[in-house]
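Reader: I would like to learn how to read a model like this one, feature by feature. Could we take each feature in turn, with the general idea before the case at hand?

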Amino acid sequence: MEAAARRRQHPGAAGGAGAQPGASFLQARHSTVRADEAAAGTAPFHLDLWFYFTLQNWVLDFGRPIAMIDSFELLYYYDEYLGHSMWYIPFFLILFVYFSGCFTATKAESSMPGVALLLVMPSGLYYWYLVTEGQIFILFIFTFFAMLALVLHQKRKCLFLDSNGLFLFSSFALTLLLVALWVAWLWNDPVLRKKYPGVIYVPEPWAFYTLHVSSRH
């Protein structure tokens, strides 16, 4: 009778490890994932985050002109003036805040997997379009140098970029290279020079298309 009373007071004791099979399965799976990450020797790359983020940037930015056909004037003012301040400043600020948390004390984790390298090109190409068409080169270059300064500062503390930080920094570096090549290619264009007479000369892709491509047809 004493044994029966103990079983009634502690019903989980009789079941042992089989009392919670779901919890045991989750624990075993979590341990397996952590073991795989430790064996790989790199920080986990957030593929779902960066893939959908790059995809939504392309879809939303190129889908916006289609929605601008029925209310053009109002949306043009919003896009060219008010929208730049409301969208791009918080956008780059959020990216920088995220980037500030992408550091690791393990040198072996400072590398990108192959899938991240494949996403660098479309990501950098989108930021190139964003900088040139949105005319936000000053904001972009300020963010890039702030990221570079943070990398150098953290390096003194023996902290290195993880896979996500390397992906974002590589995307921005590729963007800067593409912008430099774009400006160098159109540096002596007399038509675009008249359209963009300021000190910072970064022609818009749509302006180039309108003046040099569509006008020939």
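Reader: Over residues 136-153, what percentage of the chain is helix and what percentage is strand, and how far apart are the end C-alpha atoms?

Author: Let me say at the outset that this is a predicted model, and that everything below is read from its atoms unless I name a record. Over residues 136-153 the chain is 94% helix and 0% strand, with the end C-alpha atoms 26 Å apart. The UniProt record, in an unreviewed entry, lists this span as a "transmembrane region", together with residues 85-105, 112-130 and 165-187. For residues 85-105 the content is 71% helix and 10% strand, and the end C-alpha atoms lie 36 Å apart.

Reader: How should I place those spans within the chain as a whole: how many helices and strands are there, and in what order do they run?

Author: The chain has 10 helices and two strands, and from the N terminus the order is α-α-α-α-α-β-α-α-β-α-α-α. Of its 217 residues, 31% are buried, and the chain exposes about 14100 Å², of which carbon and sulfur atoms supply 68%. Among contacts between residues at least 6 apart in sequence, 78% join residues at least 24 apart.

Reader: What span should the 20 residues of H7 have, and what span do they have?

Author: The general idea is to multiply 1.5 Å by one less than the number of residues, because that product is the expected span of a helix. For H7 this gives 28 Å, and the end C-alpha atoms are 29 Å apart, so the two values agree. Helix H6, with 21 residues, reaches 30 Å from its first C-alpha to its last, close to the 30 Å expected. Even so, H6 has a kink of about 30° at Val 120, shortly before the proline Pro 122.

Reader: Which residues of H7 are buried, and how do I read their spacing?

Author: An α-helix has 3.6 residues a turn, so residues three or four places apart point the same way. In H7 the buried residues are Phe 140, Ile 141, Thr 143, Phe 144, Met 147, Leu 150, Val 151 and Gln 154.

Reader: Which residues touch the most other members of the largest nonpolar core, and which helices supply it?

Author: In soluble globular proteins, nonpolar side chains tend to be buried together. The largest nonpolar core here has 39 residues, and those touching the most other members are Phe 99, Tyr 127, Leu 130, Leu 168 and Phe 172. Helices H5 (72-99), H6 (114-134), H7 (137-156), H8 and H10 (205-213) each supply at least two residues of this core, with the largest share, nine residues, coming from H6. As one example, Phe 99 is in contact with Met 147, Leu 150, Val 151, Leu 161, Gly 165, Leu 168 and Phe 169, leaving aside its neighbours within four places in sequence.

Reader: Is Ser 163 buried or exposed, and which residues does it touch?

Author: The cut-off to keep in mind is that a residue counts as buried under 20% relative accessible area. Ser 163, found in helix H8 (residues 163-185), is therefore buried, since its relative accessible area is 0%. Not counting residues up to four places away in sequence, Ser 163 touches Ala 43, Pro 44, Phe 45, Glu 109, Ser 111, Met 112 and Pro 113. Ser 111, in turn, has its place in the loop between strand S1 (103-104) and H6, and with a relative accessible area of 24% it is partly exposed. The C-alpha atoms of Ser 111 and Leu 166 are separated by 7.2 Å, although the two residues are 55 apart along the chain.

Reader: Where do Gln 135 and Cys 158 lie, and what is the phi of each?

Author: The sign of phi is worth checking at the ends of helices. Gln 135, in the loop between H6 and H7, has a positive phi of about 55° although it is not a glycine, and it is partly exposed, with a relative accessible area of 37%. Cys 158 is found in the loop between H7 and strand S2 (160-161), and its phi is near 60°, again a positive value in a residue other than glycine.

Definitions and conventions:
Residues numbered from 1 in each chain as written. Predicted model: local features only at pLDDT ≥ 70, side-chain atom pairs only at ≥ 80, totals over all residues. Heavy atoms only, no water. Helix = DSSP H or I, 4+ residues; strand = E, 2+ residues; numbered from the N terminus. Buried < 20%, exposed > 50% of the residue type's maximum accessible area, 1.4 Å probe, protein only. Contact = heavy atoms within 4.5 Å. Areas by Shrake-Rupley, 256 points an atom, 1.4 Å probe, with all protein chains shown as cover. Core = buried A, V, L, I, M, F, W, Y, C linked by side-chain atoms within 4.5 Å. UniProt positions renumbered as here; feature names shortened; annotations may be inferred. Bend = angle between axes of the 7 residues up to and from the residue.
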